[in-house]
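I'm opening a fresh notebook page for this one. Let me pull it up and jot down what I find as I go.

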Amino acid sequence: MGAQQRVFKQKIRSTQSLRKIFKAMELIAASRIQKAVARTQAASPYSTALTRAVSAVAGESNVDHVLTTEPETITRAAVLVIGPDRGFAGAYAANLLREAEELIRLLRSEGKDIALFTVGGKAESYYTFRDRAIVKSWSGFSETPTADKAREIGESLLEAFTADTDDGGVDEIYIVFTKFVSSVKHDPEYRRLLPLAVVDADEAGSGSGGEAPKSGAPAFPLYEFEPSAEAVLDALLPRYIDSRILSALLSASASEQASRQAAMKTATDNADDLIKTYTRLANTARQAEITQELTEIVGGADALAASSAGD
Amino acid sequence: MAVLEVNVVAADHEVWVGEAKRVIARTLDGEIGILAGHEPVLGVVAEGETRILTTADETIRVKADGGFLSVENNRVIIAADQAELL
């Protein structure tokens, strides 16, 4: 076998083994999307209940709470970037980080300091590589976020929010994540988490579709608070924030898996193309070698015949 | 007789859904019993046990570790950080 042929055969073999890996990753990601979507759905009754309750309390009683009052001057804003732990997901991390950078630029132009919080190894390494200070980072659960982790993040953010600005506290909190729309559509976006913009009671009543109250009943009945409106709000708001963070984490994990599946599908297709090309090239090389051998044999025979005829 | 529509949810999953005659939950101030036709309530649930008497006269016991409870229009929602059937 010729040297050229051997080179092509080697390339085909290595591409084939890569293809197997891509294919496996594609299948794994595809099955994990389903799980991530199921988790998102499983968490939705809780967040619906919370949203409804928070809107009810806020809409009905004029309770002032530290989490809902807009500070007069905002000097520092926290940005929580929810990214992936691993790569191999196409432009997922790049798109998310671009969105985060855009938000940071916007906040800076308003004269605010930025305090960065990150979730996921990729987001963390992006900022540490650029020597940007990260206040706190979490990693290791971007694919399987849990309520406990969301609570942990929520507690840290609340702590920063309630601290004085001079002690490193922040006046508002933004969250950047990738919203999962469908397995082919997921958009990076940012939202302000705190201070809370609680939806108006009327709006929530008409906007919450399936949860709409029975016909004839007012959007929110007059609630009795147990033990008091302030205590209820105190208990509800941190949970509401945790639940918003959890839903962002879940949405991000579904998006991550979907991006990974798409990226691995493309990689598998490219590997197929490469294998095809190399097979063609190897065939051509083999044909060329055979042709050359034949020419050599025929040429040799001719030369022999000519020399024996000349004797 | 009117029945209560009960929904017990934890942060990451639904725990129990069904119809009930009576719900007894533990709030910060003590236990609260809810029958059909109860006035709307929003309360903070303390750590402890919630007992639900279903329409089939079974008692469902749920362990919850803090959260809240809302009652309106014979609909009871208990949302806890963590909850499990006992």
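Entry 1, a buried ring. I looked up Phe8(A) and got 12% relative accessibility, so with the limit at under 20% it goes down as buried. This is a predicted model, so I'm reading everything here as such. Tyr278(A) is buried as well, at 17% relative accessible area.

Entry 2, ring pairs. How many aromatic pairs are there over all chains? I get three. In one of them, Phe8(A) and Tyr278(A) have ring centres 6.2 Å apart and planes at 35°, so I noted the pair as tilted. I then checked where the two residues sit: Phe8(A) is in helix α1 (residues 3-60) of chain A, and Tyr278(A) is in helix α6 (residues 229-309) of chain A. The pair therefore ties together parts that are 270 residues apart in sequence.

Next I took Tyr126(A) and Tyr127(A), whose ring centres are 5.0 Å apart with planes at 85°, so this pair is edge-to-face. Tyr127(A) is buried, at 0% relative accessible area. Over the face of Tyr126(A) I found Arg130(A), at 3.8 Å from the ring centre.

Entry 3, the sheet. I traced five strands of chain A in an open, mixed sheet, and wrote the order down as β3-β2-β1-β4-β5. Which strands stand at the edges? They are β3 (134-138) and β5 (185-194) of chain A; each has a single partner strand, so one side of each has no neighbour in the sheet. The twist from one strand to the next averages 20°.

Entry 4, strand by strand. I followed β1 (residues 76-82) of chain A: it pairs parallel with β4 (residues 172-182) of chain A over five bridges, and parallel with β2(A) over seven. Leu80(A) faces Ile175(A) in β4(A), and its bridge partner in β2(A) is Phe117(A). Phe117(A) in turn has Lys136(A) as its bridge partner in β3(A). β2(A) and β3(A) run parallel, joined by four bridges. To get from β2(A) to β3(A), the chain passes through helix α3 (residues 121-129) of chain A, in a right-handed β-α-β crossover.

Entry 5, helices on the sheet. I found helix α2 (residues 92-109) of chain A lying across β1, β2 (113-119), β4 and β5 of chain A, at about 150° to β4(A). α6(A) also packs on the sheet, touching β1, β2, β4 and β5 of chain A, and its direction makes about 45° with that of β4(A). With β1(A) and β2(A), α2(A) makes a right-handed β-α-β unit. Last check: six of the seven residues of β2(A) are buried, so the strand is largely enclosed by the rest of the structure.

Methods:
Residues numbered from 1 in each chain as written. Chains lettered and ligands numbered in written order. Predicted model: local features only at pLDDT ≥ 70, side-chain atom pairs only at ≥ 80, totals over all residues. Heavy atoms only, no water. Phe/Tyr/Trp six-rings, centres within 6.5 Å; stacked < 30°, edge-to-face > 60°. Buried < 20%, exposed > 50% of the residue type's maximum accessible area, 1.4 Å probe, protein only. Lys NZ or Arg CZ within 6 Å of the ring centre and 35° of its normal. Pairing = 2+ DSSP bridges. Axes fitted to C-alpha atoms, helices over the stretch in contact; angles between N-to-C directions. Contact = heavy atoms within 4.5 Å. Right-handed = clockwise from strand over helix to strand, strands pointing away.
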